[in-house]
Amino acid sequence: MKKILKSVFTGLFALLLVSGCDNGFDEMNINPVQPTSLDPIYLMNRAALFSTISSTTLNYESAIVQQIVSPNGGVLAGGNFNQLNRAFSIGTWNKYYRDVLKHTVDVKRFTRDDPNRNNLYQMARILHAMSAMILTDTFGDVPYFEAGLGYLEGKIDPAYDRQEDIYLDIFNELQQATASLNPSGRIETGDIFYGGDIAKWRRLGYSLMLRAAMRHSKVNPTRAREWVERAVAGGVMASNADNMLIRHDFNYSNELGNTLNATEANNFYLAEPFQQFLSSKNDPRLGSIAVRFIGAGSGPDQNNALAGNPAPGVTLSRNPADQMGFPMGFDNQTIGGVVQARGLRSFYEFSQVDRTRMTARDAPIFHVTYSQTSLLLAEAAQRGWIAGSPSEFYAQGIRAHMQQMAVYGASTAIPQSAIDAFVNANPLDPGSALQQIGEQYWVASFLNGYEGFANFRRTGYPALTPNPYPGRDISGDFIRRLSYPDAEFSVNNANIQAAVARQGPDNLDTRVWWDTP
């Protein structure tokens with residue numbers, strides 16, 4: 001009996017305890033400072049911040065187009081040696097799927113049925129289209145229509161879409177998004193690109209349309225011309241004020257700057273073909289880009305000189321006449337013969353991109369510019385696809401890029417007199433117009449490895465000499481694409497195998513759809 005009474009008493013006490021605690025229980029377990037909803041502009045800005053150029057472009061894209069190169073192998077092997085290094089070749093894949101498209105898909109889902117956020121919806125479509133272009137230009141056939149839907153729709157094994165189909169949808173997205181931006185609607189002042197300026201977003205959308213159209217110049221000239229005409233009719237970038245750039249600070253820093261101001265500070269150099277091209281034309285941009293540590297025998301010699309404490313015999317020079325690019329085809333062992341022949345102390349004497357200016361941690365990163373847009377217009381005009389003077393568009397593109405240098409700071413700005421002198425001394429020659437335009441696009445895309453690599457493959461300009469490094473994983477002259485991540489063969493094997501069967505072997509030689517010989 002005692003056991004029974006004890007059990008009943010215990011049960012009643014527990015019931016009373018639960019009943020007493022239940023009063024206000026729900027309220028007690030709600031965090032009063034935790035947000036219950038998230039303004040999608042924050043997701044948009046997260047996508048925007050993470051869209052900054054990946055540091056892995058130093059290993060591949062910038063090395064392939066012979067602008068920046070490292071003499072070191074191992075973890076830094078890539079385009080410098082024409083070798084496959086999947087640890088770096090997948091950097092673009094991880095960045096744009098995990099950190100950009102995932103968020104633009106979310107923004108589109110949250111805003112597409114909300115008339116009050118129409119402009120944000122259209123902005124997300126434009127950023128999504130640009131990011132998808134970067135992915136498909138880098139790898140070829142990639143997940144597009146089902147990308148970013150793993151959480152929303154359970155699409156954990158997205159199909160790989162044909163690059164041509166991706167581009168057709170990118171055209172449609174850009175056309176619809178630009179047309180649907182509404183200056184009378186809500187202005188998304190939190191937008192980190194343009195502060196919600198509708199006119200600038202429209203010009204961005206049409207400039208991206210122009211870029212996408214020109215990707216078709218060889219594979220489908222009729223389609224290229226059609227969409228070039230639509231882009232120009234819509235209204236492309238009209239000045240440097242329209243440039244799409246990310247202004248970094250030390251909280252949200254430049255990814256290239258982080259790399260070049262940290263562990264890899266002494267491991268990347270201006271490639272000789274790029275330095276010599278600028279030097280041969282007395283291009284004032286070389287003085288904005290380059291620095292050389294004359295007499296340096298080590299990385300610490302460079303660092304001390306930058307800190308204002310150079311070792312005896314070491315001189316920091318930004319004088320264009322002193323610059324000396326690192327020759328292609330050498331590693332940190334074989335370069336010794338070149339160092340000796342040139343009377344240098346070590347390979348640390350070769351020129352670098354100045355990591356206190358253009359690749360500082362708080363330096364801006366440019367995605368789409370008035371300069372690039374003007375040069376594409378010059379090419380389109382030269383091909384007879386649009387009205388206007390190719391020479392004027394060409395000069396406009398050079399001027400715009402030289403003027404753009406001022407955004408990096410006063411020490412990088414180029415005087416207007418120097419700009420005028422260069423443009424007047426280097427007019428467009430109709431007999432070599434496409435070559436000249438391609439070369440200037442190469443310069444105007446410096447530090448944007450994605451675009452520099454894409455336009456080099458499309459046009460064949462500049463006419464670079466293939467990297468002669470003896471150990472190579474390619475059979476052709478240049479790397480044509482980057483390889484898919486190993487993980488995709490484990491988690492999405494059927495779809496990636498279908499893409500490989502359709503596109504070609506998953507190696508560095510296979511060309512993407514628009515990259516025809």
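Here are some worked exercises on the structure above, which is a predicted model.

**Exercise 1. Work out where Y160 sits, whether it is buried or exposed, and which residues it touches.**

Step 1: find the element. Y160 belongs to strand 3, residues 160-161.

Step 2: check the accessibility. The relative accessible area of Y160 is 6%. Buried means under 20%, so Y160 counts as buried.

Step 3: list the contacts, skipping neighbours within four places in sequence. Y160 is in contact with W93, D141, V142, P143, Y484, E488, N492, N495, I496, A499 and R502.

Step 4: try a distance. Y206 is 46 residues from Y160 in sequence, and their C-alpha atoms are 27 Å apart.

**Exercise 2. Describe the largest pocket: how much space does it hold, and what lines it?**

Step 1: start with the volume. The largest pocket holds about 550 Å³ of space.

Step 2: look at the wall. The lining has 23 residues, and W93, Y97, R98, P158 and E488 are the ones nearest the centre.

Step 3: sort the lining by element. Helix 6 (91-111), helix 8 (150-153) and helix 22 (486-491) each bring at least two residues to it. Helix 6 gives the most, with seven residues.

Step 4: link back to Exercise 1. W93 and E488 are among the residues nearest the pocket centre, and both are in contact with Y160.

**Exercise 3. Find the nonpolar cores and say which helix gives the largest share of the largest one.**

Step 1: take the largest core. It has 125 residues, and those with the most contacts inside it are M44, W201, L204, I289, F446 and Y484.

Step 2: ask who contributes. Helix 7 (residues 118-139) gives the largest share of this core, with 12 residues.

Step 3: look for another core. A second, separate one has 11 residues, including F326, L344, F347 and F350.

Step 4: zoom in on M44. Leaving aside neighbours within four places in sequence, M44 is in contact with V107, L120, M123, A124, L127 and W201.

**Exercise 4. Lay out the three-stranded sheet and explain why strands 7 and 8 each have a side without a neighbour.**

Step 1: write down the order. The sheet is open, runs 7-6-8 and pairs antiparallel.

Step 2: go to the edges. Strand 7 (315-317) and strand 8 (352-353) each have a single partner strand, so one side of each has no neighbour in the sheet.

Step 3: count the bridges. Strands 6 and 8 are joined by two, and one bridge pairs A290 with V353 of strand 8.

Step 4: add the helix. Helix 15 lies across strand 6, strand 7 and strand 8, at about 115° to strand 6.

**Exercise 5. Compare the settings of G297 and T373: which element or loop holds each, and how accessible is each?**

Step 1: place G297. This glycine is in the loop between strand 6 (290-294) and helix 15 (299-306).

Step 2: read its accessibility. At 27% relative accessible area, G297 is partly exposed.

Step 3: check its contacts. Not counting residues up to four places away in sequence, G297 touches R345, S346 and Y348. The C-alpha atoms of G297 and S346 are 5.2 Å apart, although 49 residues separate the two along the chain.

Step 4: turn to T373. This one is in helix 17, residues 370-382, and is buried at 2% relative accessibility.

Step 5: finish with its contacts. Leaving aside neighbours within four places in sequence, T373 is in contact with S207, L210, V236, M237 and V368.

Key:
Residues numbered from 1 in each chain as written. Predicted model: local features only at pLDDT ≥ 70, side-chain atom pairs only at ≥ 80, totals over all residues. Heavy atoms only, no water. Helix = DSSP H or I, 4+ residues; strand = E, 2+ residues; numbered from the N terminus. Buried < 20%, exposed > 50% of the residue type's maximum accessible area, 1.4 Å probe, protein only. Contact = heavy atoms within 4.5 Å. Core = buried A, V, L, I, M, F, W, Y, C linked by side-chain atoms within 4.5 Å. Pairing = 2+ DSSP bridges. Axes fitted to C-alpha atoms, helices over the stretch in contact; angles between N-to-C directions. 1 Å grid on protein atoms, 1.4 Å probe; cavity = no way out; pocket = protein on both sides within 12 Å on 5 of 7 lines; lining within 4 Å. Points joined across faces, edges and corners; volume = space filled by probe spheres on them.
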